[in-house]
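User: Hello! I am new to protein structures and would like to learn how to read one. Could you walk me through this example?

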Amino acid sequence: MTTLRSSIATDLIAALRDGLPSGLSSDVIVTVGLPVGLNSGDYLGIGIVDPEDAKSRSSFNSTITWATDMTVDGFDEVGELSLAAVAIRGSDDLSEPIAAAYSILSDLIAWLRSQWSASDLLGIEGLWDLRVSNTDLTTYQNEFGCAAYLQIRLAFQATI
């Protein structure tokens, strides 16, 4: 391990922000967080949770423990990063944004599989496991249209 880090949080967020646009449909806007004033379209926000969600959730969480010995690279970090696939439509057909949100999830999973390596996943030193661990769908519908909000949790394991 060449650098001492306290967490892989910033490296993971940056790697997803920089790499995911090439792995998703060109219509999906990839951002850290979500843009203010969303319009009809498809979005993937990295490091975001629904602030109106009644469940207690965090954008990024991890546990850092000693590895087998106390060396410079002797810490293991295990945690989750939250992403949000959001699809908004001006129609009243809720099936459209739901299908779009799950299409973003399918593209995300395919992209993660295409980036797999035995170590240093996504070019992040020490990252050796990254996978979808949980999803949670919320839908919204009113007289102006409808939306699907799919929270996606990525579980990871790394040596820092």
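Analyst: Happy to help; we will go from the overall layout to single residues. Keep in mind that this is a predicted model.

User: Let's begin with the layout. How many helices and strands are there in the protein?

Analyst: The protein has 2 helices and 6 strands. Their order along the sequence is α-β-β-β-β-α-β-β.

User: What can I say about the inside and the surface? What percentage of the residues is buried?

Analyst: Of the 160 residues in the protein, 39% are buried. As for the surface, the protein exposes about 8,400 Å², and 53% of that comes from carbon and sulfur atoms. You can also look at how the chain meets itself: taking contacts between residues at least 6 apart in sequence, 65% join residues at least 24 apart.

User: Next, the helices. How do I describe two packed helices?

Analyst: Two numbers do the job: the angle between the axes and the distance between them. Here, helix H1 covers residues 9-23 and helix H2 covers residues 95-114; they pack at about 110 degrees, with axes 10 Å apart. Angles from 65 to 115 degrees count as roughly perpendicular, so H1 is roughly perpendicular to H2.

User: Which residues of H1 and H2 meet?

Analyst: On the H1 side you will find Ala15, Leu16, Gly19, Leu20, Ser22 and Gly23, and on the H2 side Asp107, Leu108 and Trp111. Sorted by character, the residues of this contact are 5 nonpolar, 3 polar and 1 charged.

User: Now the charged side chains. What lets side chains of opposite charge pair?

Analyst: They can pair when their charged atoms come close. The whole structure holds 4 salt bridges. One of them joins Asp42 and Arg89, whose closest N and O atoms are 2.8 Å apart. This pair links distant parts of the chain, since Asp42 is in strand S2 (residues 41-46) and Arg89 is in strand S4 (residues 75-89), 47 residues apart.

User: Is Asp42 buried or exposed?

Analyst: Residues under 20% relative accessible area count as buried. Asp42 has 14%, so Asp42 is buried.

User: Could you show me another salt bridge, with its burial?

Analyst: Take Asp18 and Arg17, where the closest N and O atoms are 2.9 Å apart. Asp18 is exposed, because its relative accessibility is 55% and the cut-off for exposed is over 50%. Arg17, at 38%, is partly exposed. A further salt bridge runs between Arg131 and Asp129, with 3.5 Å between the closest N and O atoms. In that pair, Arg131 is partly exposed at 41%, while Asp129 is buried at 17%.

User: I have heard of phi angles. What sign does phi have in most residues other than glycine?

Analyst: In most of them phi is negative. That is the reason to look at Asp120, which is not a glycine but has a positive phi near 55 degrees. Leu122 is another case, with a positive phi of about 55 degrees. Asp120 lies in the loop between H2 and S5, and Leu122 is found in the loop between H2 and S5 too. Asp120 is partly exposed, with a relative accessible area of 36%.

User: How do I read one residue and its surroundings? Where is Leu154?

Analyst: Start with the element: Leu154 is in strand S6 (residues 145-159). Then check burial: its relative accessibility is 0%, so Leu154 is buried. Finally, list what Leu154 touches, leaving out residues up to four places away in sequence; among them are Leu16, Leu81, Leu108, Leu130 and Val132. Leu130 is 24 residues from Leu154 in sequence, yet their C-alpha atoms are 6.5 Å apart. Asn134, which sits in strand S5 (residues 127-142), is 20 residues from Leu154 in sequence and 7.3 Å away, C-alpha to C-alpha.

User: Let me try Thr65. Which residues is Thr65 in contact with, leaving aside its neighbours within four places in sequence?

Analyst: They are Gly74, Phe75 and Asp76. Thr65 belongs to strand S3 (residues 60-66) and is partly exposed, with a relative accessible area of 39%. Phe75 lies 10 residues from Thr65 in sequence, and the C-alpha atoms of the two are 5.5 Å apart.

Methods:
Residues are numbered from 1 along each chain as its sequence is written. This is a predicted model: local features need pLDDT of at least 70, side-chain atom pairs count only at pLDDT 80 or more; totals for chains, interfaces and linings use all residues. Side-chain values use heavy atoms; hydrogens and water are left out. Helices (H or I, at least four residues) and strands (E, at least two) are DSSP runs, numbered from the N terminus. Buried means under 20% relative accessible area, exposed over 50%, partly exposed in between (1.4 Å probe, protein chains only). Contact means heavy atoms within 4.5 Å. Accessible areas come from the Shrake-Rupley method with a 1.4 Å probe; for residues, only the protein chains shown count as cover. Axes are lines fitted to C-alpha atoms, for helices over the stretch in contact, and angles run from 0 to 180 degrees between N-to-C directions. Angles under 35 degrees count as roughly parallel, over 145 as roughly antiparallel, 65 to 115 as roughly perpendicular and the rest as oblique. Ala, Val, Leu, Ile, Met, Phe, Trp, Tyr, Cys and Pro count as nonpolar, Asp, Glu, Lys and Arg as charged, and the others, Gly among them, as polar. A salt bridge is a side-chain nitrogen of Lys or Arg within 4 Å of a carboxyl oxygen of Asp or Glu.
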